[in-house]
Amino acid sequence: MLYLTKNKEEALKRLSDENGIIGALAIDQRGSLKKMIAAGGSHTVGDEGIIRFKELVSEELTPYATSILLDPEYGLPAAKVRHPEAGLLVAYEKTGYDANAAGRLPDLLEEWSVRRLKEAGADAVKFLLYYDVDEDEKINEFKHVYMERVGSECAAEDIPFFLEIVTYDANNDDVKGLDYAKVKPHKVIEAMREFSKPQYKVDVLKVEVPVNMKFVDGCGDGESAYSKEEAAAYFKEQSDATHLPFIFLSAGVSAQLFQETLRFAKESGSTFNGVLCGRATWKDGVAPFAHNGEQAARTWLQGTGTQNIQELNQVLKQTASPWFDKVMHGDGSSASLV
């Protein structure tokens with residue numbers, strides 16, 4: 001069980017629905033969003049274009065989300081136009097990583113602190129960590145210490161710490177291929193197990209699903225890495241690997257595949273507590289924005305974008321478990337009784 005302070009619990013409630021399910025919208029992308037917009041249009045939109053696209057997503061989709069994840073570099077204007085009942089998560093890490101250095105090392109935004117993010121209106125702080133449990137011990141020890149510092153900073157400010165873990169293999173850059181699919185369950189599950197330890201002071205884990213669904217027997221068109229029974233066992237093992245609330249990231253897959261994955265997770269016995277879903281919801285709205293401008297993007301968001309998030313919400317009602325079930329107060333009472 002996770003023990004929460006009153007302030008952290010109230011913050012988590014602002015980020016969730018009344019049933020303790022997190023249906024959050026993520027648009028904290030920076031470098032990748034720049035590339036998406038540039039690829040979709042014939043002209044450069046610049047920083048103002050990125051800021052405006054985030055605002056459009058926030059305006060149109062937060063009425064249907066429990067909360068939104070933004071970055072402080074381009075996203076704070078979007079935070080101001082979110083629905084009044086939508087909570088706010090803010091990213092604390094620099095975007096991307098140095099591809100020329102070993103280890104995909106984490107780095108904080110130098111001009112920000114947890115205190116400043118909180119003062120900017122954040123209900124929770126999110127940090128993205130790239131992690132390979134099998135990488136060199138010195139690299140991973142650096143990451144362990146780094147996360148201890150972030151967790152301690154969040155604890156000092158009494159604000160929830162959401163740790164997003166994206167796994168990789170230091171010896172294989174093709175994370176979408178069959179070879180990585182075979183080792184992905186081990187990478188994801190052991191990373192969750194590590195960062196569930198108390199020294200990191202994590203309140204909610206934001207994680208990948210433990211398998212690549214395209215390589216589950218019967219789900220894809222090509223080779224398979226696991227049978228459906230094996231994949232289901234990995235989902236259950238992942239869920240059992242942590243006592244913390246955890247939510248799934250969409251990893252850029254299609255809206256339909258993500259929804260099917262959540263149903264599979266539920267059937268497998270996973271007690272995940274919601275999602276922080278980004279590109280699966282809004283990525284196809286980038287091209288209209290880049291090609292034809294703001295009104296075209298708004299029309300897409302009001303149509304297909306809204307449909308994506310409403311369909312996801314229906315799936316969450318059927319599949320996700322309340323985080324209340326994993327939280328206790330200092331007096332031993334359950335959060336769901338408050």
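# Exercises on pockets, barrel and cavities

In this predicted model, the largest pocket is lined by 44 residues, and those that lie nearest its centre are V166, L249, A251, G252 and R279.

**Exercise 1.** Describe the largest pocket by its volume, by the classes of its lining residues and by the elements that each supply at least two residues of that lining.

*Solution.* Begin with the volume, which is about 1,500 Å³ for the largest pocket. Next, sort its lining by class, which gives 18 nonpolar, 11 polar and 15 charged residues. Finally, assign the lining to elements: at least two residues each come from the helices α2 (31-40), α7 (178-195) and α9 (255-267), and likewise from the strands β5 (124-131) and β6 (161-167).

**Exercise 2.** Which element gives the most to the lining of the second largest pocket, and which residues lie nearest the centre of that pocket?

*Solution.* The second largest pocket has a volume of about 470 Å³, and among its 22 lining residues D17, E18, T66, N313 and K317 lie nearest the centre. Two elements, β2 (22-26) and α12 (294-319), give two or more residues to this lining, and of the elements α12 gives the most, with five residues. Sorted by class, the lining of the second largest pocket holds nine nonpolar, nine polar and four charged residues.

**Exercise 3.** In what order do the eight strands close into a barrel, and which residue pairs can be named as bridge partners along the way, one of them being that of L69?

*Solution.* The order is β2-β3-β4-β5-β6-β7-β8-β9, with parallel pairing, and these eight strands close into a barrel. On average, neighbouring strands of this sheet are turned by 25° against each other when direction is ignored.

Now take individual pairs. Strand β3 (residues 67-70) and strand β4 (residues 87-91) run parallel and are joined by four bridges, and L69 has L89 in β4 as its bridge partner. Further round, β6 and β7 also pair in the parallel sense, over four bridges, and here the bridge partner of L163 is L205 in β7.

At the closure, β2 and β9 pair in the parallel sense over four bridges, with A24 standing opposite L276 in β9. Strand β8 (residues 246-249) pairs with β9, again in the parallel sense, over two bridges, and in that pairing L249 has L276 as its partner. L276 is thus named twice, opposite A24 and as the partner of L249, while L249 also belongs to the residues nearest the centre of the largest pocket.

To add a helix to the picture, place α6 (residues 137-157) across β5 and β6, where α6 runs at about 175° to β5.

**Exercise 4.** For strands β7 and β9, decide whether the residues on each face are buried or exposed.

*Solution.* The general expectation is that in a regular strand the side chains alternate between the two faces of the sheet. In strand β9 (residues 274-277), G274 and L276 lie on one side and V275 and C277 on the other, and all of them are buried, leaving both faces covered. In strand β7 (residues 204-207), V204 and K206 point one way whereas L205 and V207 point the other way, and these too are all buried.

**Exercise 5.** How many cavities of 30 Å³ or more does a search of the whole structure find, and how are the linings of the largest and the second largest composed?

*Solution.* The search finds three such cavities. The largest cavity has a volume of about 70 Å³, and its lining includes E93, K94, R104, D107 and Y130; by class, that lining has six nonpolar, two polar and four charged residues.

The second largest cavity holds about 40 Å³ of space and is lined by A255, F258, Q259, C277, A280, T281, N308, I309 and L312. The elements giving two or more residues to this lining are α9, α10 (279-282) and α12. Its classes are six nonpolar and three polar residues, with no charged residues.

**Exercise 6.** Why does S321 count as buried, and which residues does S321 touch?

*Solution.* First locate S321, which is found in the loop between α12 and β10 (327-328). S321 counts as buried because its relative accessibility is 14%, and buried means under 20%. Leaving aside residues up to four places away in sequence, S321 touches G20, I21, T271, F272 and N273. As a last step, consider I247, which is 74 residues from S321 along the chain, with a separation of 10.0 Å between the two C-alpha atoms.

Notes: Residues are numbered from 1 along each chain as its sequence is written. This is a predicted model: local features need pLDDT of at least 70, side-chain atom pairs count only at pLDDT 80 or more; totals for chains, interfaces and linings use all residues. Side-chain values use heavy atoms; hydrogens and water are left out. On a 1 Å grid over the protein atoms alone, a cavity is a set of points where a 1.4 Å probe fits but cannot get out, and a pocket is an open set with protein on both sides within 12 Å along at least five of seven lines; lining residues have an atom within 4 Å of a point. Grid points are joined across faces, edges and corners, and a volume is the space filled by probe spheres set on the points. Ala, Val, Leu, Ile, Met, Phe, Trp, Tyr, Cys and Pro count as nonpolar, Asp, Glu, Lys and Arg as charged, and the others, Gly among them, as polar. Two strands pair if DSSP finds at least two bridges between them. Axes are lines fitted to C-alpha atoms, for helices over the stretch in contact, and angles run from 0 to 180 degrees between N-to-C directions. Contact means heavy atoms within 4.5 Å. Buried means under 20% relative accessible area, exposed over 50%, partly exposed in between (1.4 Å probe, protein chains only).
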